Amino acid sequence: MTATTTPDHRFHLVISTIRSPEHIERCLESIRRTSVPVFVTVVEQRPEPDALPFLRDLIDAGHAEHVHEPVVRGVSRGRNRGLAVLRGDIVAFPDDDCWFDDGVLELLSERFDEQHLDGAAIPCRAADDSGTMLRWRRSPGRVTSWRVPRTIVAAGIFLRRELLERHGLFDVDLGTGSATPFGSGEENDLVIRALEHGAAIQYMPDTTVRHGDFRRDGMTDETLAKVLRYNRGFGRVLRKHHLWGQAAYWTARSMAAVLVARVRRDGDGVRFQRAQLRGRWQGWRGTDDHGVRHPFDPTTTPRLG
């Protein structure tokens with residue numbers, strides 16, 4: 001990998017997708033409306049390069065590239081492939097179904113300069129302004145490792161290119177579509193690594209990236225499977241960084257939540273909280289549903305250069 005080119009855009013947005021290309025349409029339209037220079041890399045992990053027509057005008061204008069990776073799988077591998085050449089001062093990782101309200105990227109650009117930030121984190125909210133993906137922290141402030149679980153998702157982080165050059169890319173053993181059972185946490189791991197080296201990342205709840213919520217259809221088997229995978233990734237990251245206090249806190253919190261849901265006779269709540277608890281415990285132990293252990297491999301966290 002290389003990151004030696006001089007960026008000619010303010011933002012470089014890397015979108016790794018395995019889904020049909022209409023999912024990226026709204027995101028691309030919101031990017032086209034921005035007044036700051038944005039470069040978009042779409043890494044498409046599908047048999048055919050179906051997203052290419054959706055990007056053609058941006059490619060022709062020098063503001064996008066399409067990377068077809070029909071063999072590569074996993075969101076972390078896709079994002080890392082899209083970061084092979086960094087094209088902007090500030091790098092972000094929107095999901096294929098995210099979009100930005102008018103003025104959001106402009107505001108973030110101003111704040112990076114005014115506050116001398118290494119990174120920014122903003123919450124995900126649906127079109128009706130309800131919070132999605134996490135139970136978001138309400139007050140602004142610097143991101144710490146304790147605050148990561150309430151301030152960080154991949155779609156809402158914006159990082160200086162220098163931060164990625166110093167602290168590496170995404171751990172490919174973490175994230176949706178990886179070859180391991182740890183279906184999230186790649187962004188938490190990346191941010192915690194940066195924080196451990198003194199990075200200044202500001203949480204900004206007064207702005208947002210628009211994103212739906214995977215729980216909108218209720219506690220279906222598919223939803224609960226995602227809860228389990230996502231929390232395995234969370235537990236894995238806590239163990240990777242030796243965050244024993246946080247592991248104890250989040251495990252105890254899940255145990256208490258199961259009890260509260262039972263007292264309330266909230267069946268869906270019990271199923272949700274039990275999946276969270278089981279996932280966090282499995283992630284901490286490095287096991288899957290079958291008890292198979294997945295040892296840590298330091299080579300799964302690649303570096304630029």
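# Report on the predicted model

R265 is placed in the loop that joins helix 8 to helix 9. The model described here is predicted. With a relative accessibility of 79%, R265 counts as exposed, and its phi is near 55°, a positive value in a residue other than glycine. Further positive phi values occur elsewhere in the chain, and they are gathered below with their places.

| Residue | Place | Phi |
|---|---|---|
| H116 | just after helix 4 | about 50° |
| D129 | loop between strand 6 (124-125) and strand 7 | near 75° |
| H242 | just after helix 7 | about 55° |
| R265 | loop between helix 8 and helix 9 | near 55° |

## The sheet

Eight strands form an open sheet with mixed pairing, in the order 3-2-1-4-8-5-9-7. Strand 3 (64-68) and strand 7 (141-142) stand at its edges; each has a single partner strand, so one side of each is left without a neighbour in the sheet. Helix 3 (residues 75-82) packs on the sheet, where it touches strand 1, strand 2 and strand 3, and its direction makes about 145° with that of strand 1.

Strands of a sheet pair through backbone hydrogen bonds, in either the parallel or the antiparallel sense. Strand 4 shows each sense in turn. With strand 1 it pairs in parallel over four bridges, whereas three bridges join strand 4 to strand 8, and these run antiparallel. A92 takes part in the pairing on each side: A92 of strand 4 is the bridge partner of L13, and the bridge partner of A92 in strand 8 is F158. Strand 4 is mostly covered, four of its five residues being buried.

## Helix 4 and the nonpolar cores

Helix 4 comprises the 12 residues 104-115 and reaches 16 Å from its first C-alpha to its last, close to the 16 Å expected at 1.5 Å a residue. Its buried residues are V104, L105, E106, L108, S109, R111 and F112. These pack against strand 1 (9-17), strand 2 (38-44), strand 4 (88-92), strand 5 (119-121) and strand 8 (157-160).

In soluble globular proteins, nonpolar side chains tend to be buried together. The largest nonpolar core here holds 66 residues, of which F11, F93, L108, V143 and F158 touch the most other members. Helix 6 gives the most to this core, with five residues. Apart from this core lies another, of six residues, among them F214, L224, F272 and A275.

The surroundings of F11 link several of the elements already described. Beyond its neighbours within four places in sequence, F11 is in contact with V36, P37, V38, F39, G88, I90, L105, L108, S109 and F158. Of these partners, L105, L108 and S109 are among the buried residues of helix 4.

## Helix 7

The 20 residues of helix 7 (residues 221-240) should span 28 Å at 1.5 Å a residue, and the end C-alpha atoms lie 29 Å apart, which agrees. The buried residues of helix 7 are T223, L224, V227, L228, N231, R232, G233, F234, G235, R236, V237 and L238. What covers them includes helix 6 (186-196), helix 8 (244-263) and helix 9 (267-285). L224, one of these buried residues, is also a member of the core of six residues.

## R210 and its polar contacts

R210 lies in strand 10 (residues 209-210). Its relative accessibility is 9%, and since buried means under 20%, R210 counts as buried. The side chain of R210 makes a polar contact of 2.7 Å with the side chain of D129. A polar atom of the R210 side chain also lies 2.7 Å from the backbone oxygen of A126. Leaving aside neighbours within four places in sequence, the contacts of R210 are D97, C98, W99, D101, R125, A126, A127 and D129.

D129 is placed in the loop between strand 6 and strand 7. At 49% relative accessibility D129 counts as partly exposed, because exposed requires over 50%. Thus the polar contact between the side chains of R210 and D129 joins a residue that counts as buried to one that counts as partly exposed.

Key:
Residues numbered from 1 in each chain as written. Predicted model: local features only at pLDDT ≥ 70, side-chain atom pairs only at ≥ 80, totals over all residues. Heavy atoms only, no water. Helix = DSSP H or I, 4+ residues; strand = E, 2+ residues; numbered from the N terminus. Expected span 1.5 Å × (residues − 1). Buried < 20%, exposed > 50% of the residue type's maximum accessible area, 1.4 Å probe, protein only. Contact = heavy atoms within 4.5 Å. Polar contact = N/O pair within 3.5 Å; in protein donor to acceptor, adjacent residues only side chain to side chain. Pairing = 2+ DSSP bridges. Core = buried A, V, L, I, M, F, W, Y, C linked by side-chain atoms within 4.5 Å. Axes fitted to C-alpha atoms, helices over the stretch in contact; angles between N-to-C directions.
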